[in-house]
Number of protein chains: 2
Amino acid sequence: MECDILVVGAGIMGLSTAYHLKKKDPSKNIVVIDKYAGPGQGNSAKSEGGFRNMFTSSTNYLLADTSIDAFFHMQEKMGYELKLEDIGYMWLFSEDQYKEIEPAIDHMREEGVELTVYNQEQLGEMIPALMTDFSDDEEIELLGLKNVDYGVFGKKCGSLDADALVRAYEAEYIKLGGKVQYNTEATKLHVQPEMELGIPGEPFVWQKKVITGVDTNKGEIKAETTVIACGVWASTLLDPVGLDSYMRPKKRQLFAFKDPKVEPIMRTTGLNKEGALPLTILPTAGILLKSELTEGSIWLGCADWIPRKFELEEDPQAEEDYYTNNIYHALVMYFPDFEDVRPMNSWAGQYAINSFDESPVIYKEEGLLYVGAGSGSGIMKGDALGRIASALYYGEEDAELYGGRKFRVADLGVHHRNIEPEKFVI
Amino acid sequence: MECDILVVGAGIMGLSTAYHLKKKDPSKNIVVIDKYAGPGQGNSAKSEGGFRNMFTSSTNYLLADTSIDAFFHMQEKMGYELKLEDIGYMWLFSEDQYKEIEPAIDHMREEGVELTVYNQEQLGEMIPALMTDFSDDEEIELLGLKNVDYGVFGKKCGSLDADALVRAYEAEYIKLGGKVQYNTEATKLHVQPEMELGIPGEPFVWQKKVITGVDTNKGEIKAETTVIACGVWASTLLDPVGLDSYMRPKKRQLFAFKDPKVEPIMRTTGLNKEGALPLTILPTAGILLKSELTEGSIWLGCADWIPRKFELEEDPQAEEDYYTNNIYHALVMYFPDFEDVRPMNSWAGQYAINSFDESPVIYKEEGLLYVGAGSGSGIMKGDALGRIASALYYGEEDAELYGGRKFRVADLGVHHRNIEPEKFVI
């Protein structure tokens with residue numbers, strides 16, 4: 001098989017990139033392949049499905065803010081049911097944490113992020129199920145749990161259906177004539193000399209090389225450009241040819257709860273029109289809760305860092321003990337309604353973390369284009385990342401993001417990278 | 001065993017760091033361990049042993065320039081025979097390459113790098129054995145080899161004995177009372193909660209963690225601070241606890257030639273007092289030659305990039321075919337005296353490449369300090385890197401480099417990193 005552009009990976013990045021590439025020039029013969037049987041089956045559909053424009057780096061803000069607009073457009077004008085719920089994002093801090101982050105919050109306000117800061121008393125009224133003050137409890141002090149002193153509430157934030165989003169991009173891409181081929185696993189990148197001499201041993205070190213496609217379990221695919229957009233699996237293709245994916249895979253687990261006992265947790269006042277618990281991050285250990293309104297459940301995740309290993313796992317699983325004998329100890333102090341409640345469901349996915357600046361990477365080599373290192377927020381930036389990857393392919397200096405704002409393509413690259421460090425990382 | 005500071009790795013970075021840590025506070029109980037039987041046996045002693053202060057990033061220039069001064073001081077005032085030969089560094093460019101690099105060369109001059117630019121005619125006179133112009137040769141044009149149009153010659157550059165350098169740092173460190181233990185391989189980092197509760201399952205996600213030492217093949221070593229300075233092996237310790245080494249290992253091979261036929265190549269005029277071939281980089285494929293004056297030989301390396309894989313190899317070997325059926329084709333065009341000459345010796349080591357900005361990384365986590373990602377120029381920056389790692393340990397904002405120049409420690413870190421991209425990479 002031969003094509004103009006081969007996109008490896010039918011997750012959010014691959015399909016958004018394929019769509020924007022095809023939209024710009026429908027005459028391009030574009031093929032998306034994925035080793036799974038359908039779109040988003042790698043890590044996209046395992047996502048917690050949160051979105052927020054509340055980032056301290058201007059780049060991340062712009063990527064997410066415009067992508068969120070694009071998603072609402074897709075839902076409201078194009079008829080896709082993405083289950084977008086703008087219930088907000090509540091980032092809880094202790095006094096010390098807040099003082100450290102305060103300049104970044106001011107910076108976000110200047111950038112245009114709509115946010116409100118609440119104090120402990122206000123938070124207690126708005127989220128009645130939340131315990132905010134442990135200062136009189138010696139047992140809890142011993143655990144080292146942090147008080148809830150402040151909450152930074154982002155308005156243009158909430159929940160979406162990642163699976164539906166990926167399928168929407170796939171549908172739009174196919175409408176334009178794009179091809180998708182599932183159950184097709186790329187196993188090896190082809191590297192060839194730009195000018196072949198026909199001498200054994202090519203490519204030689206002194207020859208200019210170009211990526212010319214991939215081997216797959218269904219045979220070779222030749223492509224003028226190969227787009228690597230397969231998330232945590234990118235390194236399995238890039239490492240063997242000595243190109244860097246600038247990311248390491250790390251497992252993240254999610255637990256879902258549907259129990260009358262935890263229903264009070266979901267009820268809030270004054271934060272959103274649904275009166276629902278926004279996506280809420282506790283001040284300890286990056287524990288994240290999300291109301292899943294359509295199924296009436298709470299999803300729970302945790303941004304564990306050290307000593308959670310970097311390792312590519314083919315089929316990562318949630319560990320039951322990780323909830324019952326780990327997160328639970330802290331969680332039940334903040335939300336006592338969790339007492340003795342067990343998850344009804346759990347699953348795990350992998351973050352592709354660029355821990356240098358916690359931001360995505362998009363670069364080009366001869367015959368190859370890489371879009372990856374989503375660092376846990378690739379889905380909510382998915383529209384912008386596809387546009388930027390497409391702009392890089394077409395040699396444009398600036399990408400036009402949804403709504404018309406411009407983005408300098410090289411800012412997400414390697415050699416002229418220009419990203420402020422991101423302080424709001426989960 | 002217990003100590004204040006455990007340094008994992010007795011290569012240049014580990015021993016320089018240990019020396020500067022101990023020098024600052026001789027009361028510290030410091031232990032250096034290495035899995036090999038002596039210092040520098042990982043990749044330090046496999047190095048090509050070049051040094052240069054000719055870097056386009058101000059940071060890299062400062063790190064190398066002060067380290068070179070320190071090395072000369074060690075040789076001239078402290079009695080170490082480091083075989084320092086300041087024969088210079090000649091970076092050869094085609095017209096196109098030169099035009100691209102010209103602004104960076106101007107920048108280097110402004111920074112204070114002593115360099116001279118020579119044109120093709122001058123180069124032909126100074127390095128008589130070098131072919132500079134292939135424009136009339138169709139066969140060579142077919143190979144895609146680039147003309148030698150310009151040479152950028154750095155003066156404060158040359159050759160050193162990396163093995164001797166590592167041993168000098170070891171000797172100075174031991175003189176101060178520092179301990180070294182060889183044949184001791186760190187196998188696992190210990191992560192413990194800062195405040196232990198004695199509950200099964202610790203450390204929990206909600207606990208503050210600290211690195212407390214390592215397991216080794218000779219038992220556990222407890223340390224208040226563990227310094228990871230083991231080059232390409234760093235990821236075997238850091239990945240399992242989810243910390244990033246910000247580097248990928250890549251094999252680099254060296255070939256040594258001692259043959260009367262290649263002696264003319266080593267003779268030059270007007271470049272250095274020895275009348276010897278400086279370290280010379282050809283304009284194609286990053287082929288590097290170095291006169292090894294003490295043994296009267298030429299060393300040859302090649303900075304192969306795509307498709308040389310990223311992979312940690314325990315004992316990388318040079319591939320004979322890599323010289324005879326690869327580099328040779330191009331090499332013999334530039335230096336016809338190589339015709340039919342075979343290497344008398346060859347070996348291989350691994351670069352720990354940070355391909356984001358081609359510069360080292362030094363950061364601290366609770367109980368851990370990482371110094372690594374030398375990116376192929378860690379040895380020539382070795383003194384400065386040890387000083388900066390030591391300054392980070394002692395909580396100093398600025399490190400004082402050899403000669404008194406200051407360096408902002410956070411510039412080599414992750415979260416407030418401040419490095420200009422390096423354009424002179426081999």
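This dialogue introduces the reading of a predicted model with chains A and B.

Colleague: How should I begin with a model that is predicted, and what does chain A average in pLDDT?

Modeller: Where pLDDT is low, the predicted coordinates should not be read in detail. In this predicted model, chain A has an average pLDDT of 96, and 100% of its residues score at least 70. The scores for the model are ipTM 0.96 and pTM 0.97.

Colleague: Let us turn to the two chains. What rotation superposes chain B on chain A?

Modeller: Chain B is superposed on chain A by a rotation of 180°, with 0.0 Å of shift along the axis and an RMSD of 0.0 Å. The two copies are therefore related as by a two-fold rotation axis.

Colleague: Which residue of chain B comes closest to the rotation axis?

Modeller: That residue is B:Tyr246, whose C-alpha comes to 4.2 Å from the axis.

Colleague: How many residues of each chain are in contact with the other chain, and which elements of chain B give two or more residues to that side?

Modeller: The size of an interface is often given as the accessible area lost when the parts come together. Here the description rests on residues in contact: 42 residues of chain B are in contact with 42 residues of chain A. On the side of chain B that touches chain A, the elements giving two or more residues are strand S12 (248–257) and helix H9 (320–334) of chain B. H9(B) gives the most to that side, with 5 residues. By residue type, the side of chain B that touches chain A divides into 22 nonpolar, 10 polar and 10 charged residues.

Colleague: Why may one say that the copies meet through the same surface?

Modeller: The copies meet through the same surface because 100% of the interface residues of chain B are also interface residues in chain A.

Colleague: Within a single chain, how is chain A divided into domains?

Modeller: A domain may consist of several stretches of a chain, as chain A shows: domain 1 covers 2–71 + 163–247 + 356–412, and domain 2 covers 89–154 + 250–349. The C-alpha centres of these two domains of chain A lie 32 Å apart. In chain A, 12 residues of domain 1 are in contact with 18 residues of domain 2.

Colleague: Which elements of domain 1 of chain A give two or more residues to the side that touches domain 2?

Modeller: They are strand S3 (50–52) and helix H2 (58–77) of chain A. That side of domain 1 of chain A divides into 3 nonpolar, 6 polar and 3 charged residues.

Colleague: Next, the strands. In which sense do strands S17 and S18 of chain B pair, parallel or antiparallel?

Modeller: Strand S17 (residues 361–365) and strand S18 (residues 368–372) of chain B pair in the antiparallel sense, over 5 bridges. As one example, B:Ile362 has B:Val371 in S18(B) as its bridge partner. S17(B) and S18(B) form a hairpin with 2 residues between them, and B:Gly367 in the turn has a positive phi of about 80°.

Colleague: Which residues other than glycine have a positive phi?

Modeller: Most residues other than glycine have a negative phi, and most peptide bonds are trans. Among the residues with a positive phi is A:Tyr246, at about 55°. A:Tyr246 lies in the loop between helix H7 (234–238) and strand S12 (248–257) of chain A. A:Ser375 also has a positive phi, near 60°, and its place is in the loop between strand S18 (368–372) and helix H10 (382–393) of chain A.

Colleague: Are A:Tyr246 and A:Ser375 buried or exposed?

Modeller: The cut-off for a buried residue is 20 or more other C-beta atoms within 10 Å. A:Tyr246 is buried because it has 28 C-beta neighbours inside 10 Å. A:Ser375 is likewise buried, since it has 24 C-beta neighbours inside 10 Å.

Colleague: Where are cis peptide bonds found in chain B?

Modeller: One joins B:Glu202 and B:Pro203, with omega about -5°; B:Pro203 is in the loop between strand S9 (186–193) and strand S10 (209–216) of chain B. Another runs from B:Ile306 to B:Pro307, with omega near -5°. B:Pro307 lies in the loop between strand S15 (297–302) and H9 of chain B.

Colleague: Finally, how can I read the surroundings of one residue, and what does B:Ala162 touch?

Modeller: B:Ala162 lies in helix H6 (residues 162–175) of chain B. B:Ala162 is buried, because 26 other C-beta atoms lie within 10 Å. Leaving aside residues up to four places away in sequence, B:Ala162 touches B:Gly40, B:Ser44, B:Ala45, B:Ser47, B:Gly49 and B:Ile379. B:Ser47 is 115 residues from B:Ala162 along the chain, yet their C-alpha atoms are separated by 6.7 Å.

How values were computed
Residues are numbered from 1 along each chain as its sequence is written. Chains are lettered from A and ligands numbered from 1 in the order in which they are written. This is a predicted model: local features need pLDDT of at least 70, side-chain atom pairs count only at pLDDT 80 or more; totals for chains, interfaces and linings use all residues. Two residues are in contact if their C-beta atoms, placed from the backbone, lie within 7 Å. Helices (H or I, at least four residues) and strands (E, at least two) are DSSP runs, numbered from the N terminus. Ala, Val, Leu, Ile, Met, Phe, Trp, Tyr, Cys and Pro count as nonpolar, Asp, Glu, Lys and Arg as charged, and the others, Gly among them, as polar. pLDDT is the predictor's confidence in each residue, from 0 to 100. Two strands pair if DSSP finds at least two bridges between them. Domain bounds come from an automatic or database domain assignment. A residue is buried if 20 or more other C-beta atoms lie within 10 Å of its own, exposed if 12 or fewer, and partly exposed in between; C-beta atoms are placed from the backbone. Copies are superposed by least squares on the C-alpha atoms of residues with pLDDT of at least 70 in both.
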